[in-house]
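Visitor: Please take me through the sheet at close range. I want its strands, what packs on it, and the charged side chains on it.

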Amino acid sequence: MSKSLGLEDVSTPVCCAPLSGPVMGAGEATELAGVFKALADPIRLRLLNLIASAEGGEACVCDLTVPFELTAPTISHHLKVLRQAGLIEGERRGTWVYYRVVPEALTRLSGLFALPALTAA
């Protein structure tokens, strides 16, 4: 027979306001960790930057190999990793593939670091 300790009557003092933003679930955290893993490589980060800053919003794979001292297959591998992470998409036109960023993916990432507006006291 258990005896009530009266804990339900004791209110715990709160040190600060409770978290008010949406809490990231385990599945979303795992998915985003894969995206950040793709971005953790300097070559892929530079490739994403080149594609995002390309005139017209897209870059031909032929232009993406020039700034690097890497073989075309190595660049293709890095582009594949960025595609699989959902950061870029490609479209074949003849013998070339043109890449562009997925705006929603970048917006999602930037939203992770948005600070809540502070209210004046």
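Guide: The sheet comes first here, then its helices and salt bridges, and last a few features elsewhere in the chain.

This is a predicted model: local features need pLDDT of at least 70, side-chain atom pairs count only at pLDDT 80 or more, and totals for chains, interfaces and linings use all residues. Residues are numbered from 1 along each chain as its sequence is written, and side-chain values use heavy atoms, with hydrogens and water left out.

Start with the overall layout. The chain has five helices and three strands. Both are DSSP runs numbered from the N terminus: helices are H or I with at least four residues, strands E with at least two. Along the sequence the pattern reads α-α-β-α-α-β-β-α.

Now the sheet. It is open, has three strands in the order 1-3-2, and its pairing is antiparallel. Strand 1 (59–60) and strand 2 (88–93) are the edge strands, each pairing on one side only. Two strands count as paired if DSSP finds at least two bridges between them. Strand 1 and strand 3 (residues 96–101) pair over two bridges, in the antiparallel sense. Here Ala59 has Tyr99 of strand 3 as its bridge partner.

Strand 2 and strand 3 pair over six bridges, again in the antiparallel sense. Glu91 has Tyr98 of strand 3 as its bridge partner. Strand 2 and strand 3 form a hairpin with two residues between the strands. In that hairpin, Gly94 takes a positive phi near 70 degrees.

Next, the helices on the sheet. Contact means heavy atoms within 4.5 Å. Axes are lines fitted to C-alpha atoms, for helices over the stretch in contact; angles are taken between N-to-C directions and run from 0 to 180 degrees. Helix 4 (residues 72–84) lies across strand 2 and strand 3. Its angle to strand 2 is about 120 degrees.

Back to the pairing of strand 1 with strand 3, which has two bridges. Helix 2 (residues 42–52) packs on the sheet and touches strand 1, strand 2 and strand 3. The direction of helix 2 makes about 90 degrees with that of strand 3.

One residue of helix 4 merits a stop: His78. His78 is buried because its relative accessibility is 8%. The cut-offs are under 20% relative accessible area for buried, over 50% for exposed, and partly exposed in between (1.4 Å probe, protein chains only). Leaving out residues up to four places away in sequence, His78 touches Asp41, Ile43, Arg44 and Leu47.

Now the charges. Side chains of opposite charge can pair when their charged atoms come close. A salt bridge needs a side-chain nitrogen of Lys or Arg within 4 Å of a carboxyl oxygen of Asp or Glu. The structure holds seven. Glu58, Glu89, Glu91, Arg93 and Arg100 are linked in a network of them.

Take Arg100 and its two partners in turn. Glu58 and Arg100 form a salt bridge, with 3.4 Å between the closest N and O atoms. This pair links distant parts of the chain, 42 residues apart: Glu58 lies in the loop between helix 2 and strand 1, Arg100 in strand 3. Glu58 is partly exposed because its relative accessibility is 24%. Arg100, at 23%, is therefore partly exposed.

Glu89 also meets Arg100 in a salt bridge, at 3.4 Å from N to O. That pair too links distant parts of the chain: Glu89 in strand 2 and Arg100 in strand 3, 11 residues apart. Glu89 has 36% relative accessibility, so Glu89 is partly exposed.

Arg93 and Glu91 form a salt bridge as well, at 3.4 Å from N to O. Arg93 is partly exposed because its relative accessible area is 33%. Glu91 has 34%, so Glu91 is partly exposed.

Elsewhere, look for a nonpolar surface patch. Met24, Phe36, Leu112 and Phe113 form one, with about 360 Å² of accessible area together. Patches take residues with over 30% relative accessible area and no salt bridge; like charges are joined within 9 Å, nonpolar side chains (Val, Leu, Ile, Met, Phe, Trp, Tyr) within 5 Å. Phe113 lies in the segment after helix 5 (103–111). Phe113 is exposed because its relative accessibility is 57%.

Finally, the whole chain. Of its 121 residues, 24% count as buried. Its accessible surface is about 9100 Å², with 61% belonging to carbon and sulfur atoms. Areas come from the Shrake-Rupley method with a 1.4 Å probe; for residues, only the protein chains shown count as cover. Among contacts with a separation of 6 or more, 54% join residues 24 or more positions apart.
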